Amino acid sequence: MIPIAEPSLGNEELNNIVDAVKSGWISSKGKFIPEFEERFAQYCGVKYGVATSNGTAALHLALVALGIGEGDEVIVPTLTFVATANVVKYTGAKPVFVDSHPDYWCIDPTKIEKAITPRTKMIIPVHLYGHPCDMDAILNIAHKHNLYVIEDAAEAHGAGYKGKKVGSFGDIACFSFYGNKLITTGEGGMCLTNDEELAQRMRILRDHGMNPNKRYWHEVVGFNYRMSNIQAAVGVAQLEKLDRFIEKKREIAGWYSEGLKELKERELIKLHPEIPWARCVYWMYSILITDDFSLSRDGLMKELDEKGIETRPLFYPIHVMPPYKCNDKFPIAEELSRRGISLPSSVKLTRHDIEAVVQGVRRYSSQ
Ligand SMILES: Cc1ncc(COP(=O)(O)O)c(C=O)c1O
């Protein structure tokens, strides 16, 4: 079996967990939480980190902290994991969808302005599959229309935009540390911000809205979105390895791009993009199947599965799924979703494994 994703865990994680357990601090107090928050924020070039129970909680916390609610509209790409839109719904606001850029699959900045109305309060660009969004273009629009920007960086730890790390551009940036992400805490997430007051507001909302100086006094309706010390213990160890993981992801991407070059030249597939201003971290290396490929996308996935090669389809655009169904058309996202397939991308894979995947794709390209 060649898995699509697999966490890479070792003695460093185990030793930190043992340390947390021995200390008795296994809930949401303990030394690893501030350590993980400070180190991850520093890694991304941001001042404050607020660790959460998962990435969805991080996004929800960020929206609530910025006052998003009933009657507001929030612009999101339609091609993303569903959590990006769900958190908007949780607040009572309306997600407004925007199509993808054909060259790098993230939200297309040239289509954002058409979606802005007097109710629009925020844009949530998603650094999809490890590729950064065009942040200059998005921030220009946000400044012009006085909108907040929350980066959904759940899939892009350490990715770069014009030399700066993602997570350092928005009012807040949100990360996920789910088991298939670049680094993991099992379940987990984090909000980053340079705004001290905003960080404090998120800390209070994360802890039931409790006044930090007056126990059991709740000034606002908050949540229990805290991260545990055991999760943070894993996170501290994983963070030490993040640069190595990114190098490996990029190496795997290089092996795929080289191995699949001929199919690309014959226009049977398109390779995972990396725009010149981007440093992609290839969360999941993905390709697009053209009509000239001998099998359909689903047919190829089935054949690879029978050979023990695990794959995933690209996300469905959110506007086609029941809770969000609308008649608007987003042709680029629909096309990417129909043609896209994510290939095994675990950092534990060897060149030999990647060769086996490449051979599999090649075999079915010319049946
Ligand atoms: C783009 C995106 N946003 C948000 C999330 C939610 O993160 P979590 O699963 O940690 O809640 C994920 C992934 O899981 C994601 O891929």
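The exercises below, each with a worked solution, concern the fold, two helices, the nonpolar cores and the cysteines of a predicted model.

Residues are numbered from 1 along each chain as its sequence is written, and side-chain values use heavy atoms, with hydrogens and water left out. Because the model is predicted, local features need pLDDT of at least 70 and side-chain atom pairs count only at pLDDT 80 or more, while totals for chains, interfaces and linings use all residues.

**Exercise 1. Describe the overall build of the protein chain.**

Begin with the secondary structure, which comes to 11 helices and 14 strands, where helices (H or I, at least four residues) and strands (E, at least two) are DSSP runs numbered from the N terminus. Next, take the radius of gyration, computed over C-alpha atoms and compared with a globule rule of 2.2 Å times the number of residues to the power 0.38; a compact globule of 367 residues would have a value near 21 Å, and the protein chain, at 21 Å, agrees with it. Along the principal axes, the C-alpha atoms fill a box of roughly 70 × 55 × 35 Å. Finally, buried residues make up 58% of the 367 residues, given that buried means under 20% relative accessible area, exposed over 50%, and partly exposed in between (1.4 Å probe, protein chains only).

**Exercise 2. Work out which side of helix H1 faces the protein, and what it packs against.**

Helix H1 spans residues 11-23 and reaches 18 Å from its first C-alpha to its last, close to the 18 Å expected at 1.5 Å a residue, the expected span being 1.5 Å times one less than the number of residues. Its buried residues are Glu-13, Asn-16 and Ala-20. They cover an arc of only 70 degrees around the axis, so they lie on the same side of H1; the arc is that of the directions from the helix axis to the C-beta atoms. These buried residues pack against helix H2 (32-44) and helix H7 (229-259), whereas the face turned away from them carries the exposed residues Asn-11 and Lys-22. Just after H1, Gly-24 takes a positive phi of about 85 degrees.

**Exercise 3. Carry out the same analysis for helix H5, and relate one of its neighbours to the nonpolar core.**

In H5 (residues 135-145), the buried residues are Met-135, Ile-138, Leu-139, Ile-141 and Ala-142. They line one face of the helix, because they fall within an arc of 160 degrees when seen down its axis. Their packing partners are strands E4 (120-123), E5 (148-152) and E6 (160-161), and the opposite face carries the exposed Asn-140, His-143 and Lys-144. Turning to the core, Ile-112 touches Ile-138 and Ile-141, among other residues, a contact being heavy atoms within 4.5 Å. Ile-112 is also one of the residues with the most contacts inside the largest nonpolar core, which has 98 residues; such a core is a set of buried Ala, Val, Leu, Ile, Met, Phe, Trp, Tyr and Cys residues joined through side-chain atoms within 4.5 Å.

**Exercise 4. Decide whether Cys-44 and Cys-133 are bonded or free of disulfides.**

A disulfide requires a pair of cysteine sulfur atoms within 2.5 Å, and a search of the whole structure finds zero of them. For Cys-44, the nearest cysteine sulfur, that of Cys-174, is 12 Å away. For Cys-133, the closest is in Cys-106, at 4.0 Å, which is too far for a bond. Cys-44 counts as buried at 3% relative accessibility, and Cys-133 is buried with a relative accessible area of 0%.

Key: Lists of a residue's contacts leave out its neighbours within four places in sequence.
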